[in-house]
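Colleague: Please take a close look at one part of this model, the enclosed space inside the protein. Describe what surrounds it and how that region fits into the rest of the chain.

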Amino acid sequence: MNINDLKYYVSLSTEKNFSRVAQDYSVSQPTISAAIKRLEAAFGSQLLVRGNPHQAITLTTAGEQLLVHANEILYHYRLAVREIENSHRQQLVIGMPPIIETNYFPMVAKQLPVSDLNHIQTVEEGSLSALRDLKSGQLDVSFLGYVDDVTDSELIVDEFDQQHFSILVAKDSPLAKLTEVSFNQLKNESFILFKNNFVHDRVFHTLAQQNHIRPQVIFRSSEAQSIVNMVADGIGVSLLTQAVKVNNPNVVALRLTDEAQPVFKIGLAYRQSTVFVNDQQHILTMIRDALGL
């Protein structure tokens with residue numbers, strides 16, 4: 001079976017138009033038609049109902065069945081291509097959320113030989129983006145920060161730490177006189193948060209919904225230190241996991257008293273189906289040992 005035939009078929013199921021699919025792939029319309037005929041011959045079933053020029057193409061029941069499997073086949077095909085490319089380069093591509101890169105990876109790096117570090121390619125992005133890229137094959141392995149357990153059967157996630165969240169306020173803020181605070185008490189505060197592809201944003205919205213409030217977010221950043229600095233300058237308050245070590249003397253961390261509050265978990269994740277070559281497996285084993293996994 002030709003992998004391109006499946007690509008054309010999946011695109012046709014969305015576009016509903018032979019001409020548009022041909023244009024998307026820079027091939028002729030007869031090429032698309034021939035691909036569909038080959039698939040119908042291979043499966044012994046009509047896959048499409050070809051309407052007149054004024055009617056969209058529809059899938060038969062057999063066509064719908066094939067579409068489900070075609071998407072799976074193409075997904076695993078793309079994974080195979082990316083995994084093999086990385087193994088040829090003898091690299092382990094690792095997703096690295098900024099919080100983990102700053103607060104955890106140095107502990108790992110100092111236990112790895114320089115020769116191993118040279119074979120690591122890191123991709124800095126938030127945990128939600130890293131999870132997506134891990135599933136698509138753009139990453140071989142990824143560190144993740146998460147709240148809800150990752151239950152995807154295609155992934156293995158090994159948790160190695162968890163931390164609570166704190167509220168950061170400026171030292172000269174009236175709130176700094178407190179040692180703890182409920183999220184509801186912050187309803188009139190201006191927040192400085194991580195960007196939307198970070199777990200912190202999800203936790204913020206969860207706490208806001210639980211307390212039936214809508215605090216204002218005035219700025220978003222991808223850098224923990226930028227957030228800490230802005231809090232220190234009295235620009236706003238922030239919600240930050242205790243996994244981030246705050247050393248600024250002008251910032252005070254308050255304990256959240258909410259009974260139902262999320263916990264920030266940190267784990268190392270990879271696809272269950274990945275076959276690591278020797279060099280990749282060696283580096284992964286060294287990382288796992290450094291993390292006590």
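**The largest cavity and its surroundings**

Modeller: The lining of the largest cavity takes at least three residues from each of two domains, domain 2 (89-161 + 265-291) and domain 3 (164-262); the domain bounds come from an automatic or database domain assignment. The model is predicted, so local features need pLDDT of at least 70 and side-chain atom pairs pLDDT 80 or more, while totals for chains, interfaces and linings use all residues. Residues are numbered from 1 along each chain as its sequence is written, and side-chain values use heavy atoms, without hydrogens or water.

A cavity here is a set of points, on a 1 Å grid over the protein atoms alone, where a 1.4 Å probe fits but cannot get out; lining residues have an atom within 4 Å of a point. Grid points are joined across faces, edges and corners, and the volume is the space filled by probe spheres set on them. The count is one cavity of 30 Å³ or more, and the largest holds about 60 Å³.

Its lining consists of Pro-97, Ile-99, Ile-100, Ser-127, Gly-145, Phe-198, Val-199, His-200 and Phe-264. Six of these are nonpolar, three polar and none charged, where Ala, Val, Leu, Ile, Met, Phe, Trp, Tyr, Cys and Pro count as nonpolar, Asp, Glu, Lys and Arg as charged, and the others, Gly among them, as polar. At least two lining residues come from each of α5 (98-103) and α9 (199-211); helices (H or I, at least four residues) and strands (E, at least two) are DSSP runs numbered from the N terminus.

Thr-241, in strand β11 (residues 238-241), touches Ile-99, His-200 and Phe-264, among others; contact means heavy atoms within 4.5 Å. Thr-241 counts as buried because its relative accessibility is 1%, with buried meaning under 20%, exposed over 50% and partly exposed in between (1.4 Å probe, protein chains only).

Another contact of Thr-241 is His-164, which sits in the loop between β6 (155-163) and β7 (165-170). His-164 has 44% relative accessibility and therefore counts as partly exposed. Beyond four places in sequence, its contacts also include Leu-240, Gln-261 and Val-263. His-164 and Leu-256 lie 92 residues apart in sequence, with 8.6 Å between their C-alpha atoms.

The chain also has domain 1 (3-87). Its centre is 34 Å from that of domain 2, taken over C-alpha atoms. Nine residues of domain 1 and 15 residues of domain 2 make up the contact between them.

Terms used:
1 Å grid on protein atoms, 1.4 Å probe; cavity = no way out; pocket = protein on both sides within 12 Å on 5 of 7 lines; lining within 4 Å.
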